[in-house]
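Q: Hi! I have a structure open on my screen and would like to talk through it. Could you help me read it?

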Amino acid sequence: MNLRKISSFFLIYLFGFYSQTAKSQFCGCSPILCCSQYGYCGSSNGYCGTGCQSGPCRTNKEPPVVDMIVTQDFFDRIINKTGNGCAGKRFYTRDSFINAANTFSNFANSVTRREIATMFAHFTHETEDFCYIEEVNGSSLDYCDENNRQYPCAPGKKYYGRGPFLLSWNYNYGACGQSLGLDLLRNPELVGSNPTVAFRTAMWFWMNSVRLVLNQGFGATIKAINGMECNGGNPGAVNARIKYYRDYCGQFDVDPGVNMTC
């Protein structure tokens, strides 16, 4: 092989190496997102499935962990306790939760049975076995902080509690919608009319306000969700949450841990 051929071969190899390196560096994704085979960031199977370069990658043959923990049977045992007259019984579904959870790939692929027991204990308490979609008499309440200029209230819109964690106030609708890519300030009703959106708002709150304190015990999650119940504020509500949590830990055969009250 002469010198010219060697030089050509080396340049082709170097170009190929550079191209692959550049491709792998093209994403610059957040740690919770996948870098797809084409160099773009996202959380769906198109990004995290076949050809995924970095991040919480998964193969299309392996369902996310959350799919395997939250079975249809587990979900049905909760929602079947609610009456047929409850709006939530025709609204919330296991599939809508799974679809919402899978948009948070870091959660969907790393969640534990204890975390699901924690989350669903709070869901169950907040919605009374998935009976309620919205806060009782919420439309008569005014949750508009007119001093908040970043997320100003839209004319004629009301920001009372909606969804599994009763998303409330204009600033929460605004920040949540911005994170999810939805205009919830002008369309707050979307949370109470689309079950996947409802669960996505709950997931947003969970990831930003609750998951951070999981390692401190169940009591810390009660405080993160409704601290007014703690320190004697509403012991009945605290005990109800703990009861659900113990029940679900038993179903999953996991130790509920310590520090269960707040």
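Q: Let's jump straight in: in what kind of crossing does H7 pass H12, left-handed or right-handed?
A: The crossing of H7 past H12 is right-handed. For the term: a crossing is left-handed if the near helix is turned anticlockwise from the far one by less than a right angle, and right-handed if clockwise. Helices here (H or I, at least four residues) and strands (E, at least two) are DSSP runs, numbered from the N terminus.

Q: Before we go on, what sort of model is this?
A: This is a predicted model, in which local features need pLDDT of at least 70 and side-chain atom pairs count only at pLDDT 80 or more, while totals for chains, interfaces and linings use all residues. Residues are numbered from 1 along each chain as its sequence is written, and side-chain values use heavy atoms, with hydrogens and water left out.

Q: Good. At what angle do H7 and H12 cross?
A: At roughly 140 degrees, and the axes of H7 (residues 113-127) and H12 (residues 235-252) come within 8 Å. The axes are lines fitted to C-alpha atoms, for helices over the stretch in contact, and angles run from 0 to 180 degrees between N-to-C directions. H7 and H12 are therefore oblique to each other. On this scale, angles under 35 degrees count as roughly parallel, over 145 as roughly antiparallel, 65 to 115 as roughly perpendicular and the rest as oblique.

Q: Which residues in H7 and H12 meet?
A: On the H7 side they include Arg113, Arg114, Ile116, Phe120 and Glu126, and on the H12 side they include Ala237, Arg241, Tyr244, Tyr248 and Phe252. Contact means heavy atoms within 4.5 Å. By class, the H7 contact with H12 has 11 nonpolar, four polar and four charged residues. Ala, Val, Leu, Ile, Met, Phe, Trp, Tyr, Cys and Pro count as nonpolar, Asp, Glu, Lys and Arg as charged, and the others, Gly among them, as polar.

Q: Glu126 caught my eye. Is it buried or exposed?
A: Glu126, which lies in H7, counts as buried because its relative accessibility is 18%. Buried means under 20% relative accessible area, exposed over 50%, and partly exposed in between (1.4 Å probe, protein chains only).

Q: And what is Glu126 in contact with?
A: Leaving aside neighbours within four places in sequence, Glu126 is in contact with Pro164, Phe165, Leu166, Ile225 and Arg241.

Q: Ile225 is in H11, right? Which residues are buried there?
A: In H11 (residues 218-226), the buried ones are Phe218, Gly219, Ala220, Thr221, Ile222 and Ile225. The cover over these buried residues includes H7, H10 and H12.

Q: Back to H12. How does H4 pack with H12?
A: H4 (residues 72-79) packs with H12 at an angle of about 150 degrees, and their axes are 12 Å apart. H4 and H12 are therefore roughly antiparallel. Phe74, Arg77 and Ile78 of H4 make the contact with Tyr248, Gln251 and Phe252 of H12.

Q: Where does Arg246 lie, and what does it touch?
A: Arg246 lies in H12 and touches Pro256 and Met260, not counting residues up to four places away in sequence. At 48% relative accessibility, Arg246 counts as partly exposed. Its C-alpha atom is separated by 10.0 Å from that of Arg114, although the two are 132 residues apart along the chain.

Q: New topic: which loop holds Glu128?
A: Glu128 is found in the loop between H7 and H8 (170-180). Glu128 has a positive phi of about 55 degrees although it is not a glycine, and at 47% relative accessibility it counts as partly exposed. Asn259, in the segment after H12, has a positive phi near 55 degrees too, and is a residue other than glycine.

Q: Last one, zooming out: how many helices and strands does the chain have?
A: The secondary structure comes to 12 helices and two strands, following the pattern α-β-β-α-α-α-α-α-α-α-α-α-α-α along the sequence. Of the 262 residues in the chain, 43% are buried. Among contacts with a separation of 6 or more, 59% come from residues 24 or more positions apart.
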